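Work through the exercises below with the sequence and the 3D structure at hand. Each task is followed by its solution in steps.

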Amino acid sequence: MIVFLIRRTFQSVVVLLIMSLLVFVGVYTIGNPVDILISPEATQQEHEAAVKALGLDRPMWEQYRVFLTNALHGNLGDSFVFNEPALKLILQRMPATLELAFGAMFIAVIFGIPLGMVAGIKHHSWIGRAIMSGSILGFSLPTFWVGLMLIMLFAVIFGWLPASGRGETVLLFGIPVSFLTVDGLSHLILPAINLGLFKLSLTIRLTRAGTQENMQLDYVKFARAKGLSNTRVIGVHVLKNILIPVVTVLGLELGNVIAFAVVTETVFAWPGMGKLIIDSIDVLDRPVIVAYLLITVTMFIIINFTVDVLYSILDPRVRLGDVKS
Amino acid sequence: MTPAAVSSTSSLSTLAVENLRTHFFTKAGVVKAVDDVSFSVGTGEILGLVGESGCGKSITGFSILGLVDPPGKVVDGKILFHGLDLVDLPEEERRRLRGSRIAMIFQDPMMTLNPVLRIDTQMIEAILAHEKIDRALARKRARDALEQVGIASPDERLRAYPHQFSGGMRQRVAIAIAMLNKPDLIIADEPTTALDVTIQAQILFEAQKLCRETGTALIWITHDLTVVAGLADRIAVMYAGRIVEQGQLGDVLDHPLHPYTRGLIGSVPSRNRRGSHLYQIPGMTPALLNLPTGCAFRERCDFADDACLDQPEITEPVPGRPVRCFHHFAGEKA
């Protein structure tokens, strides 16, 4: 376990380093932010002053070196637009996105696993088929359209739930969260469903495939031959086995949901990181883009690590010392 | 319907199966996996159920336990367990019998234990499914059961996962689980097929010993005559969903009455016939979906004639030796 931890940490640092270089070079080539930032009527002197102030007159490798040195001190640069540290800007908006992402995953797991198991066990009956047909819709309908339809139905026609914003928040360990207030929760429901729908379909499909496969195996028959009730055979024996692939995939999907909640955040005007990155890309706010991508990579590394640990808890045949990659 | 050959003994038997038919209703047609099968097994008795792969042996076992999955269904016959017919019993009552009064051991020990649950979990749940007792007590019984089947340091092994055991050890665990609730009947479905010969011998010895000690009736399903020869009291030979012959072990092996049985015995390598070609039964096992009319063995049989176009009924040319053949060898000297 300790060997695993040390190796994993070392790998993570290498990945971050490579990633920062790629991102930096990528962002450097996409255009000059100064053209967008300063007014068109500015004089040549003003233009050069702005370039100099942002450090854009120096060669790229020099800029990268400065960036790395600052990054090692926890400073990912100041936003060109807001004149505030990019890291701070992102971290301010992160709780909103995290809350939305966890809400979406919660919906996917809470409904997806039971529905998938029912579909797997009763795969010949109408209920199994109905669940599978529903999951195809969840896969194929575009997120922005589903979001608009949800707003139309529940906010405009029925008027049950609010259409935008985060609602009232309270502080939990110093972090503002919505789901603990009634108003906040009502704001969270629609975007969480919107973002979670695709993952819900994915969970249903994964669970169904696993259930169907496992129900055929001898250990299920042996468990039944022991005289166990169906509830125990399915709820303990089968469930523990299908959780292994489900956790792996959903873990990776969690990263995706956090990093790419952009569409849902835009449709529901959810004040998260996704909206910030879209705005920053619009104005070529380099430090924010770079910081956002690095934070995303870090998040993926942390999530992957957590999945590996969870995996070893779920599957006794996996011991972390043995993981070679 | 044919009269059950063994019905006279059913009241004394632990289990009496009478005219059992288990059919599978597939899209391609009805597969008669078990078709008019009758046999019985008494207290402490070991019955060897012998036949080639796909002849319906395992389905017979699953029918007794009530674990035939759709599209399969027991369509006719009786399964009398201590005189109680299991066929019409509600599912909940059958569940209560499973694992407590009737237990089963499966073929592949690598597959029968749940890979993600510890041995103690899998053993204790088998006890608690049938009795409301203290967990600690159940644990102690699980421990003792492991010790009984010859597993060293059972306390430690209880906390292990299945992948930490070898194949032979896993099969011992499966046997221990089957023995946990001291059942009256154990159905062993080729439990030694996947094991090394040396381990096989150990398991056979253990199984025999346990049955003798506890008076448990045992149905040993196998395709291997040599296994049965060293183990069973009586054997029943199955072919294409039907029992073609049964009797006391020595009688059947020394004087087989059915051509199929004779073929099976002939195809076992023997020291007495060293150097000569090993006998093979000609042809292949017929597909159950597409059986020849009349006797299913007809097309592979040296003795078949026009009479065999009709399905032979069970006769008892020698007392205690039911056989399903027009041309049985009862008159011959072997």
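A pocket, on a 1 Å grid over the protein atoms alone, is an open set of points where a 1.4 Å probe fits, with protein on both sides within 12 Å along at least five of seven lines; lining residues have an atom within 4 Å of a point. A volume is the space filled by probe spheres set on the points, which are joined across faces, edges and corners. The model is predicted, so local features need pLDDT of at least 70 and side-chain atom pairs count only at pLDDT 80 or more, while totals for chains, interfaces and linings use all residues. Residues are numbered from 1 along each chain as its sequence is written, chains are lettered from A in the order in which they are written, and side-chain values use heavy atoms, without hydrogens and water.

**Exercise 1.** Describe the largest pocket and its lining.

Step 1. The space in this pocket comes to about 1,100 Å³.
Step 2. Its lining has 35 residues, and Met215(A), Arg224(A), Val68(B), Asp69(B) and Pro70(B) are the closest to the centre.
Step 3. At least two lining residues each come from α5 (86-121), α8 (182-215), α9 (218-225) and α10 of chain A, and from β4 (72-81) and α2 (91-97) of chain B. Helices (H or I, at least four residues) and strands (E, at least two) are DSSP runs, numbered from the N terminus.
Step 4. By class, the lining of the largest pocket holds 15 nonpolar, 10 polar and 10 charged residues. Here Ala, Val, Leu, Ile, Met, Phe, Trp, Tyr, Cys and Pro count as nonpolar, Asp, Glu, Lys and Arg as charged, and the others, Gly among them, as polar.

**Exercise 2.** Do the same for the second largest pocket.

Step 1. The volume is about 530 Å³.
Step 2. Of its 22 lining residues, Leu54(A), Gly77(A), Asp78(A), Phe80(A) and Pro287(A) lie nearest the centre.
Step 3. The largest share of this lining, 4 residues, is supplied by α4(A).
Step 4. The classes are 12 nonpolar, 7 polar and 3 charged.

**Exercise 3.** Find how helices α10 and α13 of chain A are set against each other.

Step 1. The axes of α10 (residues 230-259) and α13 (residues 286-314) of chain A come within 9 Å and cross at roughly 170°. Axes are lines fitted to C-alpha atoms, for helices over the stretch in contact, and angles run from 0 to 180 degrees between N-to-C directions.
Step 2. The crossing therefore makes α10(A) roughly antiparallel to α13(A), a term for angles over 145 degrees.
Step 3. The residues of this contact (heavy atoms within 4.5 Å) divide into 15 nonpolar, 6 polar and 1 charged.

**Exercise 4.** State how much area is buried between chain B and chain A.

Step 1. The contact takes 27 residues from chain B and 21 residues from chain A.
Step 2. About 2,200 Å² is buried between the two chains, and carbon and sulfur atoms give 62% of this. Buried area is the accessible area (1.4 Å probe) that two parts lose on being put together, summed over both.
Step 3. Leu67(B), Val116(B) and Glu125(B) supply 25% of the area that chain B buries against chain A, more than any other three residues.

**Exercise 5.** Which form does the peptide bond from Pro70(B) to Pro71(B) take?

Step 1. Pro71(B) is in the loop between α1 (57-65) and β4 of chain B.
Step 2. The bond from Pro70(B) to Pro71(B) is cis, with omega near 10°.

Notes
Parallel < 35°, antiparallel > 145°, perpendicular 65-115°, else oblique.
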